[in-house]
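This report covers the fold, the cores, the salt bridges and some local backbone features of one chain. The sequence and the structure come first.

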Amino acid sequence: MELEADCCSHGGAERKSHHSDKVKSSLINRLNRIEGQVRGIKGLIEKDTYCDDVLNQIASVQSALNGVGKLLLEHHMKSCVIERIQEGDDEVLTELMTTINKLMR
């Protein structure tokens, strides 16, 4: 999926991202599916499902969350980060590296 470059505002204390309706809808749909998967895992545990089967479902959810994170990171880099660098705000690179390190844990 190709993300459209929308601007992210960072003025003041509250920073916000401005996703297009298409991007927002895609992210929300993916998160809704993940939410359903997590509820499914809870049900598997309640039913005493074999541990390996539950662990495979957990791996699937983690992969899906990583996919959402990658899309959001790509969007952030193509819009917010570039915009802030163009404005002379190099601190965004430190912020980005901190975020990437958290995602890679």
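Is Glu74 buried, partly exposed or exposed? At 27% relative accessibility, Glu74 counts as partly exposed; buried means under 20% relative accessible area, exposed over 50%, and partly exposed in between, with a 1.4 Å probe and protein chains only.

The model is predicted, so local features need pLDDT of at least 70 and side-chain atom pairs count only at pLDDT 80 or more, while totals for chains, interfaces and linings use all residues. Residues are numbered from 1 along each chain as its sequence is written, and side-chain values use heavy atoms, with hydrogens and water left out.

## Overall layout

The chain has three helices and two strands, arranged along the sequence as β-β-α-α-α. Helices (H or I, at least four residues) and strands (E, at least two) are DSSP runs, numbered from the N terminus. The chain comprises 105 residues, of which 24% count as buried. Its exposed area is about 7600 Å², with carbon and sulfur atoms supplying 54%; accessible areas come from the Shrake-Rupley method with a 1.4 Å probe, and for residues only the protein chains shown count as cover. Among contacts with a separation of 6 or more, 52% are between residues 24 or more positions apart. A contact means heavy atoms within 4.5 Å.

## Nonpolar cores

A nonpolar core is a set of buried Ala, Val, Leu, Ile, Met, Phe, Trp, Tyr and Cys residues joined through side-chain atoms within 4.5 Å. The largest such core consists of eight residues: Val23, Leu27, Ile34, Ile41, Val54, Val61, Val68 and Leu71. Two or more of its residues come from each of α1 (21-46) and α2 (51-86). Another core lies apart from it and has five residues, including Val81, Val92, Leu96 and Ile100. In soluble globular proteins, nonpolar side chains tend to be buried together.

Ile41, a member of the largest core, touches Val54, Gln57, Ile58 and Val61 when residues up to four places away in sequence are not counted. Gln57 is in helix α2 and is partly exposed, at 35% relative accessibility. Leaving aside neighbours within four places in sequence, Gln57 is in contact with Ile41 and Leu44. Gln57 and Ile41 are 16 residues apart along the chain, and their C-alpha atoms are separated by 6.7 Å.

## Salt bridges

A salt bridge is a side-chain nitrogen of Lys or Arg within 4 Å of a carboxyl oxygen of Asp or Glu. By this rule the count is four. Three of the pairs are listed with their N to O distances.

| Pair | N to O distance |
|---|---|
| Glu35 and Arg39 | 3.6 Å |
| Glu74 and Lys78 | 2.8 Å |
| Arg84 and Glu95 | 3.2 Å |

Glu35 and Arg39 are separated by about one helical turn because they are four residues apart in helix α1. Glu35 is partly exposed at 44% relative accessibility, and Arg39 is exposed at 53%. Glu74 and Lys78 are also four residues apart, about one turn, and both lie in helix α2. Lys78 counts as partly exposed, at 41% relative accessibility.

The pair of Arg84 and Glu95 links distant parts of the chain: Arg84 is in helix α2 and Glu95 in helix α3 (residues 91-103), eleven residues apart. Arg84 is buried, with a relative accessible area of 10%, whereas Glu95 is partly exposed at 24%. Salt bridges that share partners join Arg84, Asp89 and Glu95 into one network.

## Helix α2 and backbone features

Helix α2 has 36 residues and reaches 50 Å from its first C-alpha to its last, close to the 52 Å expected at 1.5 Å a residue. The expected span is 1.5 Å times one less than the number of residues. At Met77, α2 bends by about 40°, the bend being the angle between axes fitted to the seven residues ending there and the seven starting there. Buried residues in α2 include Gly69, Leu73, His75, Ser79, Cys80 and Glu83.

Gly88 follows α2 and has a positive phi, near 90°. Asp48 is not a glycine, yet its phi is positive, about 55°. Asp48 sits in the loop between α1 and α2 and is exposed, with a relative accessible area of 69%. Most residues other than glycine have a negative phi.
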